[in-house]
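Student: Could you take me on a close look at the ligand site, and tell me what surrounds the ligand?

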Amino acid sequence: MVADTYVKICGLRTPEAVAAAVDAGADAVGFVFAPGGPRTVSATLARSLGEAVPAGVETVGVFRNQPIGEVIETARAAAVTTVQLHGDEPLADIRMLEGAGFRTLRAFSADAYSALPADEKAGWETGRILLDAVEPGAGVTFDASAIQAQPPRGFWLLAGGLTPANVGTLIATLRPNGVDVSSGVESSRGVKDIGLIRDFVHAAKM
Ligand SMILES: O=C(O)c1ccccc1NCC(=O)[C@H](O)[C@H](O)COP(=O)(O)O
């Protein structure tokens, strides 16, 4: 296993789930602001959930193809430390977020990322990236052979269909800096399971 694997638990909506993630040792908790999904929360709810999160743990707002002005306004209202862009957003949006004082994560489908020209990859790899399945938050794994052959050069997170049962093997095989999970710690879509959150963090940090 890889020591000190960074762990983000995403799609949190209740104080109990946030406390379970923090108590288990997660490095980041995610709140989904992309509209229309079962995990979508308001900035007001995220702000109140985030108040119980200690300073060393990142609070991440997840957005998908929303105007950058709206992203910054919502992230400020929610008082998150970090913004995760999960759509087709340009590098200029990442720079704007950094300028506004946020840490950032830019998500790609693993296939789309592997197909990027080297100079584009080099631009994204100056920041933190997240490699995921094509449909985010769907609990679906993907063929990671291209990533295994040519992993990103900077800090990167693996996501997409991770569970307490498969995360250890995938960390050992692909050696990401961290992992991100949503469906794999749920009892049903959008409903987090405290025991699975605990099991996932422990398995990832073993
Ligand atoms: O989770 C969502 O509903 C979501 C909606 C729109 C954009 C991103 C979304 N989630 C992003 C995440 O960070 C997920 O944790 C990541 O895609 C992994 O999901 P899963 O395969 O369910 O573990």
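Tutor: Here's a walk through the ligand's surroundings and the pocket that holds it. Bear in mind that this is a predicted model, where local features need pLDDT of at least 70, side-chain atom pairs count only at pLDDT 80 or more, and totals for chains, interfaces and linings use all residues. Residues are numbered from 1 along each chain as its sequence is written, and side-chain values use heavy atoms, with hydrogens and water left out.

The ligand has 21 residues around it, and Arg39, Asp132, Asp180, Ser182 and Ser183 come nearest (near means a heavy atom within 4 Å). That shell splits into nine nonpolar, eight polar and four charged residues, with Gly counted as polar.

Now the polar contacts (pairs of N or O atoms within 3.5 Å). Arg39 puts a polar side-chain atom 2.8 Å from a ligand oxygen. For Lys8, a side-chain N or O atom is 3.3 Å from an oxygen atom of the ligand. Gly161 uses its backbone instead, with an N or O atom 2.9 Å from a ligand oxygen. On its own the ligand has 520 Å² of accessible area, and the protein covers 96% of that (Shrake-Rupley method, 1.4 Å probe).

As for the space itself, the ligand takes up the largest pocket (on a 1 Å grid over the protein atoms alone, an open set of points with protein on both sides within 12 Å along at least five of seven lines; lining residues have an atom within 4 Å of a point). Its volume is about 470 Å³, the space filled by probe spheres set on the points. Lining this pocket are 31 residues, with Val32, Arg39, Pro136, Gly137 and Ala138 nearest its centre.

Terms used: A polar contact is a pair of N or O atoms within 3.5 Å; within protein, one must be able to donate a hydrogen and the other to accept it, and residues adjacent in sequence count only if both atoms are side-chain atoms. On a 1 Å grid over the protein atoms alone, a cavity is a set of points where a 1.4 Å probe fits but cannot get out, and a pocket is an open set with protein on both sides within 12 Å along at least five of seven lines; lining residues have an atom within 4 Å of a point. A molecule sits in a cavity or pocket if more than half of its atoms lie within 2 Å of its grid points.
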